[in-house]
Amino acid sequence: QVQLQESGPGLVKPSQTLSLSCTVSGGSIITTNYYWTWIRQPPGKGPEWIGNIGSSGSTQYSPSLKSRTSISRDTSKNQFTLQLSSVTPDDTAVYYCAKSLGGSWAPGYWGQGTQVTVSS
């Protein structure tokens, strides 16, 4: 059974870059036909898809966040990371990493989530 664990700072100052890692166990991030995804849920709002990285290393981003987002991976550590630049308090949210269902972008397996607050 795959397990995903987010890690990173819980507090980021405005204008700085938010950086989170997701460590995957029980499955390889280079297994074909799977996508590794970042999703966030701001307080009082629904989930928002941020982007994903495929088994080939290709990336896709939400159009509304694309200019500030970078998703990368370290295959030697079986990790993928999220960087979100120029953050504002509107980026405060619980951030989740997830593994897709096979052959689909739809998240099927989720990490427990990590709270990130943007505040000075």
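**Notebook: loops, salt bridges, sheet, disulfide, core**

**Entry 1. Two positive phi values**

I started at Ser86, which is partly exposed, with a relative accessible area of 42%. The model is predicted, so I read every value below as computed from it. I placed Ser86 in the loop between strand 8 and strand 9. Its backbone caught my eye. Phi of Ser86 is near 50°, a positive value for a residue other than glycine. Most residues other than glycine have a negative phi, so I noted the exception.

Where does Ser15 lie? I found Ser15 in the loop between strand 2 (11–12) and strand 3. Phi of Ser15 is also positive, near 80°, and this residue is not glycine either. Buried or exposed? I checked Ser15 for that. Ser15 counts as exposed, at 59% relative accessibility.

**Entry 2. Salt bridges**

I counted the salt bridges next and got three. I took them one by one.

Glu48 and Arg40 meet through their side chains, N to O at 2.8 Å. I looked up how open each partner is. Arg40 counts as buried at 6% relative accessibility. Glu48 is partly exposed, with a relative accessible area of 23%; the limit for buried is under 20%, so Glu48 does not count as buried.

Which acid besides Glu48 did I find on Arg40? It is Asp91, in a salt bridge whose closest N and O atoms are 2.8 Å apart. Asp91 sits in the loop between strand 8 (79–84) and strand 9 (93–100), and Arg40 in strand 4 (residues 35–41), so this pair ties together parts that are 51 residues apart in sequence. I noted that Asp91 and Arg40 are both buried.

The third salt bridge I looked up joins Arg68 and Asp91, at 2.9 Å from N to O. Arg68 lies in the loop between strand 6 (59–61) and strand 7 (69–74), Asp91 in the loop between strand 8 and strand 9, so parts 23 residues apart in sequence are tied together here. For Asp91 I read a relative accessible area of 2%, which makes it buried. I then put the bridges together: through shared partners they join Arg40, Glu48, Arg68 and Asp91 into one network.

**Entry 3. The four-stranded sheet**

I traced an open sheet of four strands, in the order 1-3-8-7 and with antiparallel pairing. Its edge strands are strand 1 (3–7) and strand 7, each of which pairs on one side only. I read the average turn between neighbouring strands of this sheet as 20°, direction ignored.

How many bridges join strand 1 to strand 3? I found five, with strand 1 and strand 3 (residues 18–25) running antiparallel. I checked single partners too. Gln5 stands opposite Thr23 in strand 3. Ser7 has Ser21, also in strand 3, as its bridge partner.

I moved on to strand 3 and strand 8. This pair is antiparallel over six bridges. Here I found Leu20 opposite Leu82 in strand 8.

**Entry 4. The disulfide**

My count gave one disulfide. It joins Cys22 to Cys97, with the sulfurs 2.1 Å apart. I read 65° about the S-S bond, and the link of Cys22 and Cys97 is right-handed. Cys22 lies in strand 3 and Cys97 in strand 9, so the pair ties together parts that are 75 residues apart in sequence. I checked burial at both ends. Cys22 is buried, with a relative accessible area of 0%. Cys97 is buried as well, again with 0%.

**Entry 5. The nonpolar core**

Which residues have the most contacts inside the largest nonpolar core? I found Leu18, Trp38, Phe80 and Tyr95, in a core of 24 residues. The elements that give two or more residues to this core are strand 3, strand 4, strand 5 (48–54), strand 8, strand 9 and strand 11 (114–118). I noted that strand 3 supplies the largest share, four residues. Nonpolar side chains in soluble globular proteins tend to be buried together.

I closed with Leu18. I set aside its neighbours within four places in sequence. Leu18 is then in contact with Val12, Leu82, Gln83, Leu84, Val87, Tyr95 and Val116.

Notes: Residues are numbered from 1 along each chain as its sequence is written. This is a predicted model: local features need pLDDT of at least 70, side-chain atom pairs count only at pLDDT 80 or more; totals for chains, interfaces and linings use all residues. Side-chain values use heavy atoms; hydrogens and water are left out. A salt bridge is a side-chain nitrogen of Lys or Arg within 4 Å of a carboxyl oxygen of Asp or Glu. Buried means under 20% relative accessible area, exposed over 50%, partly exposed in between (1.4 Å probe, protein chains only). Two strands pair if DSSP finds at least two bridges between them. Axes are lines fitted to C-alpha atoms, for helices over the stretch in contact, and angles run from 0 to 180 degrees between N-to-C directions. A disulfide is a pair of cysteine sulfur atoms within 2.5 Å. A nonpolar core is a set of buried Ala, Val, Leu, Ile, Met, Phe, Trp, Tyr and Cys residues joined through side-chain atoms within 4.5 Å. Contact means heavy atoms within 4.5 Å.
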